[in-house]
Every structure is written in structure tokens, then in C-alpha cells.
Amino acid sequence: MNRPKGLAPESLYTRCDPAQFDFETTAELSGGGILGQERAMEALQFGVGIRREGYNLFVLGPPGIGKYSVVRHYLERDTEGAAPPPDWCYLHNFDQPDRPRAVMLPAGRGQALRKDMERLVDDLRNAIPVSFETEEYHTRVREIEETLKDRREQALAGLSTETEARGLTLIRTPGGFAFAPERDGEVLKPEDYERLPDEERQRIEAAVEELQDKLANVLRQAPGWQRESRDRIKALDREVALFAVGHLIDEIKKKYQDIAAIAAHLDAMQDDVIDNLQEFRGQEEAPNPLGITLGEDPSLRRYQVNLLIDHGRSQGLPVIYEDTPLYQNLVGRVEHLTRMGALVTDFTLIKPGALHRANGGYLILDAKKLLTEPYAWEGLKRALYAREVRIQSLGQIYSYVSTVSLEPEPIPLDLKVVLLGDRSLYYLLQSYDPDFAELFKVTAEFEDRVERTRENDRLYAGLLAALARREDLCPLDRAAVARVIEQCARQAEDAERLSVHLSGTLDLLRESDYWARQAGRAVIVPADVQRALDMQIRRVDRVREQAQEAILRDLVLIDTTGARVGQVNALSVIDLGNFSFALPTRVTANARMGEGEIIDVEREVDLGGAIHSKGVMILTSLLAARYAQDRPLSLSASLVFEQSYGLIDGDSASVTEFCALVSALAGIPLDQRLAVTGSVNQHGQVQAIGGVNQKIEGFFDICRARGLDGGHGAIIPVSNLAHLMLREDVVEAVRAGRFHVYAVGTADEAIALLAGVPAGERDGLGDYPAGSVNRLAEDRLREFADLRHEFAKPPADGYEHDDVPA
Amino acid sequence: MTTSPRDAVFRRILLPLDSGARDGPGIDAAIGLAARFHAEIVGIFIEDSDLMRLAALPFARETIPLSVSTRRLDPADMARALRVRAGVLRARLQERATRARIPWSFHVARDESLQEQLGEAAASDLLILGVGGRRAGSLRAADRVTRYFFSHGACTVWLYRGLAAGAPPVVALLDDGPSSRRVLAVAGQLARHGGKPLLVMVSADGAAEFARRAGEFGDIPTDGVEMEFRPLARAAATDLIRMVTAARGKLLVIGRDSPLASEAGYRRLLEDLPCEIVLAG
């Protein structure tokens, strides 16, 4: 039987016609928007427009498709010109220092407040000491002190006068005061005292006792006088300070009179300054025994403004992307300073999180990063539910630490969160987290491929122009654009679709630009694109080269000539992550009489995946249905992927396995110049498989290396025809008649090509034609069944075979 | 003899101390001056015999201000208290002087040796007398020491009050006494580190006498100290107090032979002038 003709070279590669473009290079193109994402854009528009609780967005699609760029671009364009949200700052809480106050100001006024407060503190540092250095102040203090002193001295002097009048003296002792009789300016000696008359001694002692009582009365009044004096000095200090401070604070209050919280803060600050005047009056730092510089006076930090969010220079609403969505990067944190070996903090060390920065606008987060950071997802949900950002460390939330820290007032939250993630993550969240559906009600799903039409080709050209402009790359001529589009179709593994995997396309453009510049061109031409593609492969195809070399050196046995019974070249794809390629693999089958079991050796040794096993079971069923409907399938067969030492999965070799098995049954040799790929169903129909282009090219590379004789080729499912975007060298070989690609719809077509004889169809009597593959296979199975039947009969000698006496 | 500010450098500073409570600032002031003039300090703790006699009286009781309570006094307790007080003051002087690298000595003077020790100390250049003291209600410390120096001593006496010690401006009073040149020299020394002019008040009747007397002092080398002469009505304490107050003087230097330096005179100055007073001799 002569082989039918293979596919025409034109059907192996669907070209993009550069003539359809009405530009010479992409430099002439403007715009270049978003390609084929209408559904996602509608969802974005809806999600951004609806201002209701829980209408946050989840943007899903495969990685590298440009979700972030599209979303960011859309949001920035949408929010352009909008009034920026307010500034937020934290101020010291004079009533509860551990609970700093959050204060909202119109955008831009936070910075002004901060500067005003810095200037105010500077002014206070100058004005207060000056006020207390005036002669008037010192005079008044001295008056008060003199009053106290006079009261004390008058009291003592009065007592002293009375004492002297009684012939006694009041003496200051090391521990206090004492009364003694005096003579000639000296205390009376004890012996002289003893010589005094009894009456005189009694008088003296009675006088001393009485004077002691009076002295006690005087001394009891002294603390009261001192307290009174202190109070008067304190009142004077307040009066002087108020005079110095009041007008400075009033000046700022007037400026911020429209913000009640600031006015209240300034009132509290004024009281605090007056209560703590010594901090302004004694500016000299105490000597530090360890010689450590303490820096800014910590006591005055409480008058500062911690400008948490400053929108003074913002244009439009904030669109924030947090690349590292740690819990504290989201909700903010309270930092600490080391001071003399201890960790200290205050409200100036409160740092904003992404939620603060995005408040009033949009926060974009990578869902996978968010979910893999401990507590970040929970923290985000808590903030969205509560509609406020509360800065709490994890230690505080979970009571890991019980040290005193700050509890800043929460800040009201009004933003939309946009999560970017892949589909699996989206469905996992939908399934396992009920909060997700509550909080992320809008789904924007990005396509990873679009239909390949002339209109989309034109739009794609615009997209390429925009990318080249954005990345400052050379423009592409229209032929290069066509070549990139063709590559996008190949990337999509579909001649009728285009991949919109922008990350890969952008890499291709950058590398094409490099090669164009290397060649001294200012415009990217198709050769540059091809060079970039070739070099991409060249950089990563060491493994492929080695694997091909092993085949070419017959270390891995692959026949590409002759014909063999029960042996077919299958095609398998090896995926290295950033590069995948295909290699031929020898599949062999053995058949003998048995009880209908087909042994999949890969499965037996746990090297076969579930889908592969499923494929083998399907072809077993196919065999039984086709050849053994009216008798037992009396076959014992085994299928092996020769020299395969890794896991095999997928059912794309089930046609190959079927052919090998039928060949083994029928005893018909199969042409080794052909390789086969495709899966088969129970009715013998061949179904589409993935990686068709790489598979054909993988076999082509081996055959070409050994020498193409015009008989080499690959058999593929007819349903894969639309996916063909083969390499140019393969297409050229086909055009030259040195290689062929056959598309088959049934397993019979495949085996006919391999065996070189028709597979055969049942005639009116239900028989396959004599000499056909199916007839031979069926006959063989019938023989097996008869033989098995014979074996099943009881022996004529009356003995069971196993019981034959020795 | 010409007396210049350089000649008036204090080489030995005598610091009498007693059981009064205000000696700490006096020690600090003495240390400051000693450091400035590279002088040594001689501390003398005067163990007052009156206190010992008081403690021996049968009815003697001490009233303690902190608790407003009384306790019985006896000689042994009093002696112990005085020893403790002397030890505290000695330690304080040692600590301050060592830190400032100033030569120092400390003595305890009892009745029997007081005269002798004071005689030796009289050779000092400067005596610092703290205000306050044993006798409650009095203005002078260690009255016996004070009286001794006012009757025997020839050195300069600083009536230390703890008011911005030695801060400028310094005011000097030149009256008719023979110590006027000494007054000017001491005032010049004290003003030299202040960075402000030395204000010299010359007591004179009329402009002609003022011009004449100011001219007499014009030849004194000032060692860089700027001097400003002003007339003062003859020996009037009231006028002096008014002028020193107006000039915001922090330290007044007058001669020991000035009529204003009598016991009654300086009591008046101490009461009405909020500044330090130095009696130059």
C-alpha cells in the first residue's frame, strides 16, 4: 500500500501577512491599549465605579499576562485629576500618652502643620528662658523668697527677742535648735548653772520649756509657708510662661481654627508646656557618664507632628502597590529606638503601612505573596471589615509580649483593594475562605489568549508599538511585527489564537532590540526576532542537545529506519520550566495467550501517572471491543516505554501503544521512519494532544541528523491541525518532500500508515478483509482464545494437567 | 607702692566652717575662686564650745525642725554630732578639691587651739565667710571667727551669700580709706574673668573732687580690665545701695576700713543689697 500524501506545507504554519499593515514601522503607531481583555476591563470599570462595602476586586489570570500593568494603568488613568485624599498625622495625646491621636487634615496641610510646630517649639525654647531671665521675674521671685525668709526670720527673731528678754539665747545645733542661758555672750557653763539659786534654775527651765513650745509652733508653720511660697512661685511661673507662650500658640491656632482637633491639641500643648517649663528653661544636657550621645531632647519630641501620610504633592488618588505585603507593611508599625540599652518608643516612631498610603484610593497586592506572609491576609480582612487601620504588632494581638507599647488611634479606611492572582488561588479562596466572597465581590478575569483575526493582528501591532515605546526599544518594521505575532500564535500552541502573555513578548522585544542594535540597525527586522528566538533556545537547550546526542550515538535506542513488529516511536515532551522540547521514545509491546490482562510496565513500577494508566485501560477496552466481542480476550500483553527512567504521564501515547500492541498481535512490522502521537478513545477515534509542534520538531531533528530519505514523518491527530505552527526548517523539509506530517482521525488510519497495509473494515458478514491488520490481529486473538479453550478442557486421560503422575 | 590687679592674686583661701547648714555652697564658691586664682584652700571646722556647754546643761533639749519634736541633749551626743559634721564637710571639700585639682587642707579648731589656728589663717589672702551660722536669727556665721577677723585680720573677706558668686558686673567703691587701691586691685581681679567693665564708684563731694580722685587711680595698670568711674555722694549707704542696684551689680567690693564695713554698716548692706559683698583688706 502506498502511503497517502501528508499535509501540505501551507497547513503547517499560518503566516501573518505583513502586507495587511498600513505602517512601515511601529514608530508610526500611537495608542496601543489593551488587547482582548474586554471582560476584565468591564469588571474593572464596575469594581472601581461601585462604592459599596465588600466590592473589592480580584483580578485573575495566568502569571506574566500583564495584569498589574493593565490594572495600574487603568486605575491611574481613572483617578487622574481627582482631588487627593486628606493628610493624616499622629499627635501626642497629653491625656493618655500611650494612645497617640490620629488627626486628619486637608491634603498638603500636614506638612505645613509639621513645620509650624517645629518652629513653635524653637520659638518656645527661645522665648521661655528669656522670659524667666528678666529682671522683673527675678525681682518677683526674690520678693516671694524674701517674704518667706522674712516670715521665718521674723518668727525666729521674735522668739529670739523674747528669749533674750528672759536671759536666754536660741542656738542652732547640728540637728536643730536649742535654748540656753547666756552670760557675756557665751552659754552658761554647767557648773555656773548649778550654782544658781533653785528659783532661778526653775525659772530658766520653765522658760525653756515654754519657749520650746513656741519654737515648735513656729516650726510647724514653716512647711505651710514654704508650700505657700512654692505655690506663689508656680503661679508666677505660669503667668510669665503664659505671657511668653500664649501668643505663639494663638498664632498657630488661628491658622488651624478650621480643624477642631488641632485647636484642641494646641490647648492641651499649652497646658503641658506650662506644666513642664523646666524642660524649656534648663536646656543644658546633663553630663552623660557613659559618653553616649542621646541626640534630640526626647522630652520635647511630644510636641512634634508625625506626618504619617502627606498628599501635599499628590496628583489624583493614590494607587499603591505593596511588593512585600508583610503584616506590618500593610497595617503599619511602631518602631523603637535603643536608648541606653533599653528599647523606647513614642508616637513619632509610628510608621504607615500600605493601607495608610493607599487610603482614599487603591491598594494593589499580589494574592500569593499576601497569603504566604504570616497573618497578612487576616490583618487585611480585619481592616476591611472594620473599615479602619489599627496599628498593632502581632505580639500585641496574640499577647506574645506584654511590654508597654503604643496603641495609636485607628484611622478610618476608605479604599479598594485589588488582588492579583492566578485562577487556582482564586478558586481555593472561594472554596475555603467564606470571608473572601464577602470582601472581594468583583472578579476581573484576564484571558491568556485571543482569537487570531486581522483586527487583533492590528491591535497587537499597536500593543507592540506601545511596549517598544515604554521600554525605549527600537521600533519594529511590519515584517518583524508579523514575525512576533506568528511567535505569539506558536506560544499559544494554536495557529488560530494569539498568546497575550506580555511578559514573554516583552522579553522577545527587548532581546530583538539588542540584536538589532548589535547589527547596527535602528529598526527591528524579522531576522532580529528570529535571532532572539534562536538565542533564547540556544541558551537553554543543553539538556536537549545531550538527549539528542544519546539517541544519535545509539545509547538510547530509537530506530528511524526499517520496520519492526510491536515497536513504535512515540513522542514525549520534556518540560524544563523555561523551555520544553520533545524526543522520540520507543514503545514496545509483547503479546501471548492469557486472560485479558495488558500489563502497563510503567504503572506496575509506579512510573506511570494516573492519566497514562487511564489511556492504557481505554486501549484495552478498545481491543476487547474490536476483536473479542464474542469470545474472551485471551491475551496477555505488556507495554513498555523503553529506556524511560522517569515518570510518564498523559495519554498522548495511547495511539502509539495501541499500534504497538496490534502490531505484536498481528505480527506485522511497523515503519520506524514514522513517529506517532495522539490519544485514542474506546471507539478508536484519535484525540488532540498538547505540544504537537515540539513533538513533530523533536522527531524531525533526530531524523534529519541521521539523514532524511523522504520516508520520515510524524502522525498526529487531525484535531491538532489548527495548532500547527512548525519551525521553518520543518516546513521547508515538508515542502521538499523529505519529511511528512500525517493527520489521522482514527487509530486504524495510524496503523495503516505504520504498517503499510490497510487496517481493514468489517464487511457485511462482519469480517475484516483478509490480509488487513485488523484481520490478522483478530485471527491471532481467536487462536489465543481457542488455545485457551483447549487448555480449559478436562484431559482425555481423566487427569487434570496438574495432576499427571510422574 | 603700686598695687595692680596682678598683685592681688589670692594664693591662700581660708574657709571657716561650722555646724550651720549652709556650708556646701560656700565650699563650691571657694573651689571656684581657688581654681580661678590657682590658690590653695584651707578649711577650718570650728567646734563651738557653746554647743558643748549647752549639751552639758541638765535641761538641754534640742528641737528638730523636720519632725518638730524634741530630744534630750548630752555632751557625748553633741561631740559625736560635731565630729560627724566635720567629717561630712571634710569629705565634701576633698571631693570637690580633688576633682578641681586644687591643693587643700582641713583642720578642726577647738576652743583651746582656735586662737592659734586663726592667727595662722590670718596670713591668708582671702577669707570666705558664709552668711548664717550658729546663732539663730543672726546674719553672721561663726561669730567668734568673724569678730576675730574684723578685729585682727588684715585679709580680704568675702561675705558669701550664695548669690551668683563672682558673676559680673563688679562694682568697686573707693572712699577716703587707705585701702582704696587694694579695693581697686581686688575688684579688677574679680572683674577680669567677667567680660564686663568694672564699675568704680568714687565717693566725692562735687565734680572737681571726683575728677581729682578718679585721676589718682588712673595710673593703675588694669590688665585688660575696662573701668568706668562714677561719682558717689560721700559715704552714704543709701546712695551706694541705690547705685549698685541700678547698675545691677552682682558683686560689691569695698575697703575694710570703709565706714560702710563696720558691723552695723555691712549688716545694712547685707539686708538691702541682693549681691555678694567683698571687704578688701
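How many residue pairs are in polar contact across the interface of chain A and chain B? The rule finds eight of them, counting pairs with both residues at pLDDT 80 or more. Keep in mind as you look around that this is a predicted model.

So which parts of chain A do the touching? The elements that give two or more residues to the side facing chain B are α4 (135-165), β4 (168-172), β5 (177-183), β6 (186-187), α5 (190-195) and α6 (198-255) of chain A. Of these, α6(A) has the largest share, with eight residues. If you sort this side of chain A by residue character, you get 17 nonpolar, seven polar and nine charged residues.

Now for the extent of the contact. On the chain A side 33 residues take part, and they meet 28 residues of chain B. The size of an interface is often given as the accessible area lost when the parts come together. Here, chain A and chain B bury about 2800 Å² between them, with 61% of that on carbon and sulfur atoms. Three residues are worth picking out on chain A: A:Arg172, A:Pro174 and A:Gln212 supply 21% of the area that chain A buries against chain B, more than any other three residues.

What about charges facing each other? Across the interface of chain A and chain B, the rule turns up one salt bridge. To find it, go to B:Arg53 and look across to A:Glu186, where the closest N and O atoms are 3.4 Å apart.

There is also strand pairing between the chains. β5(A) pairs with strand β3 (residues 61-64) of chain B in the antiparallel sense, over two bridges. A good place to start tracing this is A:Phe177, whose bridge partner in β3(B) is B:Thr63.

Follow chain B on from that strand and you come to a backbone detail. B:Val68 is found in the loop between β3 and β4 (69-72) of chain B, and its phi is near 45°, a positive value in a residue other than glycine. That deserves a glance because most residues other than glycine have a negative phi.

Chain A has a case of its own. In the loop between α16 (454-470) and α17 (478-491) of chain A you'll find A:Asp472, with a positive phi near 60°, again in a residue other than glycine. Is A:Asp472 buried or exposed? Its relative accessibility is 64%, so A:Asp472 counts as exposed, the cut-off for that being over 50%.

Methods. Residues numbered from 1 in each chain as written. Chains lettered and ligands numbered in written order. Predicted model: local features only at pLDDT ≥ 70, side-chain atom pairs only at ≥ 80, totals over all residues. Heavy atoms only, no water. Contact = heavy atoms within 4.5 Å. Buried area = accessible area lost by both parts, 1.4 Å probe. Salt bridge = Lys/Arg side-chain N within 4 Å of Asp/Glu carboxyl O. Polar contact = N/O pair within 3.5 Å; in protein donor to acceptor, adjacent residues only side chain to side chain. Helix = DSSP H or I, 4+ residues; strand = E, 2+ residues; numbered from the N terminus. Nonpolar A, V, L, I, M, F, W, Y, C, P; charged D, E, K, R; others polar. Pairing = 2+ DSSP bridges. Buried < 20%, exposed > 50% of the residue type's maximum accessible area, 1.4 Å probe, protein only.
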